[in-house]
Structures are given as structure tokens and as C-alpha cells.
Amino acid sequence: MTKRAVVTGASSGIGAATVRRLRADGWDVVGVARRTDRLEVLAAETGAEIFTADVTRQADVDALRDFLADRPLDALINNAGGAFGLASVESSDPDDWTRMFDVNVVAVKRVTSALLPVLRRGAAAHGNADIVTITSIAAHVSYEGGAGYNAAKAGAHALMEVLRLELAGEPLRVIEIAPGMVKTDEFTLVRFGGDHAKADAVYDGVRDPLSADDIADTIAHAIGLPGHVNLDLISVKPVAQAAPHKVIRGPLTPK
């Protein structure tokens, strides 16, 4: 029995790693992102299907729904998201906040609402289906300069909590994965508007930050468990990070 998953934000980072991991596990995968060129490279590498879409646009999400409608869907990985800026509440740009809410919260609602009927068909065919949303430890612990991102990811967390209640009684698992410091090629670079020096400084001296593959492994584990087991909330941090604002730089040594 081959299962099918949709992964948003699949053109880089955690999304691309998740496509690779699920394909290696034998899943049919549809990778969704805005950048067709990146998706085509991923498809050539993994054999995944691809679909170009901006998940903040309802017309694109509707087109994705129609593309998927012919077969059941067993897992939706809501991975698309992002942070923009690291300024204070007073000085931050409201437009950055709007962008963060749009991609981290409203887009998750758009995609989940559109694909729930297809997921229900997957659950009917195979016993259960999964909705996985990648939030952040920023959803649960606030830090200076992070208010917009904290609020957006907290919104995504609340969305998942409510969705779990609303779907209670159906064979649909709602799983939230909240990563800490994950070193990828783009997340921090985008946050700092392409400033490589600022982006590199975030990871300076940090022993073994998480990788995109670490989160992909976590996703694969959660959706690979027996259908009656639901990992509601998984918080994943590197050992060097005790909290968003508490990161150890340098070697980790026993006392």
C-alpha cells in the first residue's frame, strides 16, 4: 500500500528534506512551492511529483486541491512559513507582521481547509490520515525582537489546537512539530533580508544546531507510528539550546 503526502515549502530547507525522506520511505510525495526551478531539481533527484503554488493565494490553493482530487491523501505537511525581521514591537514594520501572519497562519488554514476532503478519503482508504504543521519553539517561548514571529507561530499553534478539537472522533491526527534552532540555507538569511553576516552570526560557535534532515526524521517518525498514536506536540531543540534566547556557544562539557 503506497501512501501519498503533500509537503508545502518544498523548494528548500525542511520541506525539501522531508520530500527526500518520505520518498526514501516509499511514499508518493507532491512537493509544493513557488519556485518551479527548485522543484524541478528536487523532482529529478527524488521522483516526487511537484506543483507550483503560492500558498498565500487562494486561487493557487484551489488549483492544488483540484490537482490532488483524483487520489486519496494520507498526510499533509504544512511546512511553508518564514520570519521577517528581528526588530522590537515599537520599531518593527507592520508589513513584516502581515507577511508573517499570512504565510504562517492564514496559509495553513487555506491549505488545510482545501485538502481536508482529500485527507478524509485517505483516512477512509487506509485507516487514518495526518495533518502535520511545522511551527516553532517561538510559538511557546517569547524572545526580544521576535514579537511578530512569536505571535504568528503562536497563532499556528492555536490553529492546530482548535483543529484537533474540531476533528475529534475522525481518524485524522493533528500533529504540531515545534523546532528550535535549525541551520538551513535560507531561513535566517531571509529573516535578515539577505544579510549573510547577520545570518551566519546566529549560528556562530553553536555546537551542532539541528539540520533540516533532523526535522524530516521527526516528521517521518510521527506519521509512521500506529494510527492510534498521536504525537500532539513535539518540541525539538539542539542540546546547545535551552530556550530561544538561551544558546550555548562553544564546546559542551560535563561538569
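## A tour of salt bridges, cores and hollows

A search of the whole structure, which is a predicted model, finds 15 salt bridges. A few of them make good starting points, and the tour then moves on to a pocket, the nonpolar cores and a cavity.

**Stop one: Arg-20 and Glu-45.** Select these two residues and show their side chains, which meet in a salt bridge with an N to O distance of 2.8 Å. Arg-20 belongs to helix α1 and Glu-45 to helix α2, so the pair ties together parts that are 25 residues apart in sequence. With a surface display switched on, look at how much of each residue can be reached: Arg-20 is partly exposed, with a relative accessible area of 37%, and Glu-45 also counts as partly exposed, at 48% relative accessibility.

**Stop two: the second largest pocket.** Keep Arg-20 selected and add Ser-11, Ser-12, Gly-13 and Ala-16, since these five are the residues that lie nearest the centre of the second largest pocket, out of the 17 that line it. Helices α1 (13-24), α2 (36-46) and α8 are the elements that give two or more residues to this lining. The pocket has a volume of about 250 Å³, and the residues around it divide into six nonpolar, five polar and six charged.

**Stop three: Arg-99 and Asp-96.** Move next to helix α4, which covers residues 94-126 and holds both Arg-99 and Asp-96, three residues apart, or about one turn of the helix. Their side chains meet in a salt bridge at 3.6 Å, N to O, and Arg-99 counts as partly exposed at 44% relative accessibility. Elsewhere, select Arg-21, Asp-25 and Asp-217 together, for these residues are joined into one network by salt bridges that share partners.

**Stop four: Asp-70 and Arg-71.** Here the side chains of two residues that follow one another in the numbering meet in a salt bridge, at 4.0 Å from N to O. Is Asp-70 buried or exposed? Asp-70 is exposed, with a relative accessible area of 60%, while Arg-71, at 29%, counts as partly exposed.

**Stop five: the nonpolar cores.** Hide the surface and select Leu-22, Ile-177 and Ile-215, the residues with the most contacts inside the largest nonpolar core, which has 31 residues. Helix α8, residues 212-224, contributes seven residues, the largest share of this core. Apart from this core lies another, of 28 residues, and Phe-51, Leu-73, Val-111 and Ala-129 are among them. In soluble globular proteins, nonpolar side chains tend to be buried together. Returning to the largest core, centre the view on Ile-215 and display its surroundings: leaving aside residues up to four places away in sequence, Ile-215 touches Ile-14, Ile-177, Pro-179, Val-182, Leu-210 and Val-236.

**Stop six: the cavity.** How many cavities of 30 Å³ or more does the count come to? The count comes to one, and the largest cavity has a volume of about 40 Å³. To find this cavity, select Thr-8, Val-55, Asn-78, Asn-79, Ala-80, Val-103, Ala-107, Val-108 and Val-111, which line it. Helix α4, already visited at stop three, supplies four residues, the largest share of the lining. Colour the selection by class and the lining separates into six nonpolar and three polar residues, with no charged ones. Val-111 is a useful residue on which to finish, as it appears both in the lining of this cavity and in the core of 28 residues.

Key. Residues numbered from 1 in each chain as written. Predicted model: local features only at pLDDT ≥ 70, side-chain atom pairs only at ≥ 80, totals over all residues. Heavy atoms only, no water. Core = buried A, V, L, I, M, F, W, Y, C linked by side-chain atoms within 4.5 Å. Buried < 20%, exposed > 50% of the residue type's maximum accessible area, 1.4 Å probe, protein only. Contact = heavy atoms within 4.5 Å. 1 Å grid on protein atoms, 1.4 Å probe; cavity = no way out; pocket = protein on both sides within 12 Å on 5 of 7 lines; lining within 4 Å. Points joined across faces, edges and corners; volume = space filled by probe spheres on them. Nonpolar A, V, L, I, M, F, W, Y, C, P; charged D, E, K, R; others polar.
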